[in-house]
Amino acid sequence: MSSLSAEARKKVVLVCTSSPALSNGHATGLWLEELATPYYAFAAAGFECVIASIKGGAVPIDQGSVTGGFFTEDCKKFMHDPVAIGMLGHSVALSTLSFPGCCDAVYLTGGHGCCEDFVDNADLKGCIEAMYEAGKATASDCHGVIALPQCTSGGKPLVAGKKVTGFADSEEAAVQLTDVVPFLIESKLKEQGGVFSKAADWNPHTVVDGNLITGQNPQSSKGTADATIAFMNQ
């Protein structure tokens with residue numbers, strides 16, 4: 001069997017928010033680059049992609065992510081890709097998937113919608129913990145990282161003592177949502193004992209600690225996907 005055929009058997013579940021708004025009514029959803037970029041990176045690596053979301057069905061897209069310079073080439077390709085956009089419109093409900101056996105990697109995409117439904121979510125907590133303990137790639141980028149603080153390993157916060165990154169407090173301040181999000185990702189990870197590092201705002205930064213892979217912001221989506229691919233190809 002060819003190596004490509006072997007790789008094609010590897011499956012990545014990309015998890016998206018189902019929330020179209022923050023608690024104050026601020027319209028949001030998925031930040032498209034943080035799905036489109038890893039989706040095409042994984043596809044190019046020969047992996048099967050499954051797009052899942054908290055509720056299943058259509059995933060709301062943050063309109064800010066399809067305007068101006070945020071609307072990247074991968075985003076444009078995704079929006080005109082009938083297979084990709086079909087999967088986004090009919091995403092798989094996370095609760096219907098059985099982790100860790102259903103896939104080889106989980107990748108939590110971002111967008112401020114994650115601040116509403118990635119927090120205190122039993123299905124997502126179970127997914128992350130099962131994948132991490134199984135030694136499988138457990139990746140998240142930007143606001144997708146907000147799902148990690150609810151998780152534990154060995155009776156401690158999953159991130160305790162581990163090298164991590166995520167959307168920086170200064171980046172949250174820059175978009176003027178510090179007082180709206182449930183907690184600041186950087187501050188919370190540090191509070192839980194995570195060894196947090198970051199780049200300057202809006203610069204790419206990906207951190208790998210074993211099978212835990214985290215990215216800082218939208219600019220980190222390619223690096224975080226590539227790190228996930230590298231781990232899966234070990």
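Mentor: Let's begin with a definition: an angle between helix axes under 35 degrees counts as roughly parallel, over 145 as roughly antiparallel, 65 to 115 as roughly perpendicular, and the rest as oblique. Keep in mind, too, that this is a predicted model.

Trainee: Okay, so how do I read a pair of packed helices?

Mentor: You describe two packed helices by the angle between their axes and the distance between those axes. Try α2 and helix α4, which spans residues 82-89: their axes come within 12 Å and cross at roughly 125 degrees.

Trainee: Which word fits the way α2 and α4 lie to each other?

Mentor: An angle of roughly 125 degrees falls in none of the named ranges, so α2 and α4 are oblique to each other. Their crossing is right-handed.

Trainee: Which residues of α2 and α4 meet there?

Mentor: On the α2 side you'll find Leu35, Tyr39 and Tyr40, and they meet Val83, Ala84, Met87 and Leu88 of α4.

Trainee: Two tyrosines! How do I read aromatic rings?

Mentor: For a pair of rings, you give the distance of the centres and the angle of the planes. The count for this model is 7 aromatic pairs. In one of them, the rings of Tyr39 and Tyr40 have centres 5.0 Å apart and planes at 85 degrees, so this pair is edge-to-face. Ring pairs also bring in Phe78, giving a cluster of Tyr39, Tyr40 and Phe78.

Trainee: Are Tyr39 and Tyr40 buried or exposed?

Mentor: Both Tyr39 and Tyr40 are buried. There's a charge to spot here as well: the charged end of Lys77 sits over the ring of Tyr40, 4.2 Å from the ring centre. Elsewhere, Lys188 lies over the face of Phe183, at 5.2 Å from the centre of that ring.

Trainee: Back to the helices. What angle and distance describe α2 and α9?

Mentor: Those two pack at an angle of about 35 degrees with their axes 9 Å apart, and their crossing is right-handed. The α2 residues making the contact include Pro38, Ala41 and Phe42, while those from α9 include Ala225, Thr228 and Ile229.

Trainee: Can we zoom in on a single residue from each helix?

Mentor: Sure. Phe42 belongs to helix α2, residues 33-44, and Ala225 to helix α9, residues 221-232. Phe42 has a relative accessible area of 0%, so it is buried. Ala225 is at 0% too, so Ala225 also counts as buried. They are 183 residues apart along the chain, yet their C-alpha atoms are separated by 7.3 Å.

Trainee: What does Ala225 touch, leaving aside its neighbours within four places in sequence?

Mentor: Ala225 is in contact with Pro38, Ala41, Phe42 and Tyr107. With that kind of neighbour left out for Phe42 as well, its contacts include Val12, Leu14, Phe47, Cys49 and Tyr107.

Trainee: And what should I look for in the backbone?

Mentor: Most residues other than glycine have a negative phi, and most peptide bonds are trans. Here, the bond from Phe99 to Pro100 is cis, with omega near 5 degrees. Pro100 is in the loop between β3 and β4.

Trainee: Which residue in the loop between β5 and β6 has a positive phi?

Mentor: Cys142, found in that loop, has a positive phi of about 55 degrees. Its relative accessible area is 2%, so Cys142 is buried. Trp202, in the loop between β9 and β10, has a positive phi near 65 degrees. At 34% relative accessible area, Trp202 is partly exposed.

Definitions and conventions: Residues are numbered from 1 along each chain as its sequence is written. This is a predicted model: local features need pLDDT of at least 70, side-chain atom pairs count only at pLDDT 80 or more; totals for chains, interfaces and linings use all residues. Side-chain values use heavy atoms; hydrogens and water are left out. Rings of Phe, Tyr and Trp (its six-membered ring) pair if their centres lie within 6.5 Å; planes under 30 degrees apart count as stacked, over 60 as edge-to-face and the rest as tilted. Buried means under 20% relative accessible area, exposed over 50%, partly exposed in between (1.4 Å probe, protein chains only). A charge sits over a ring if NZ of Lys or CZ of Arg is within 6 Å of the ring centre and within 35 degrees of the ring normal. Helices (H or I, at least four residues) and strands (E, at least two) are DSSP runs, numbered from the N terminus. Contact means heavy atoms within 4.5 Å. Axes are lines fitted to C-alpha atoms, for helices over the stretch in contact, and angles run from 0 to 180 degrees between N-to-C directions. A crossing is left-handed if the near helix is turned anticlockwise from the far one by less than a right angle, and right-handed if clockwise.
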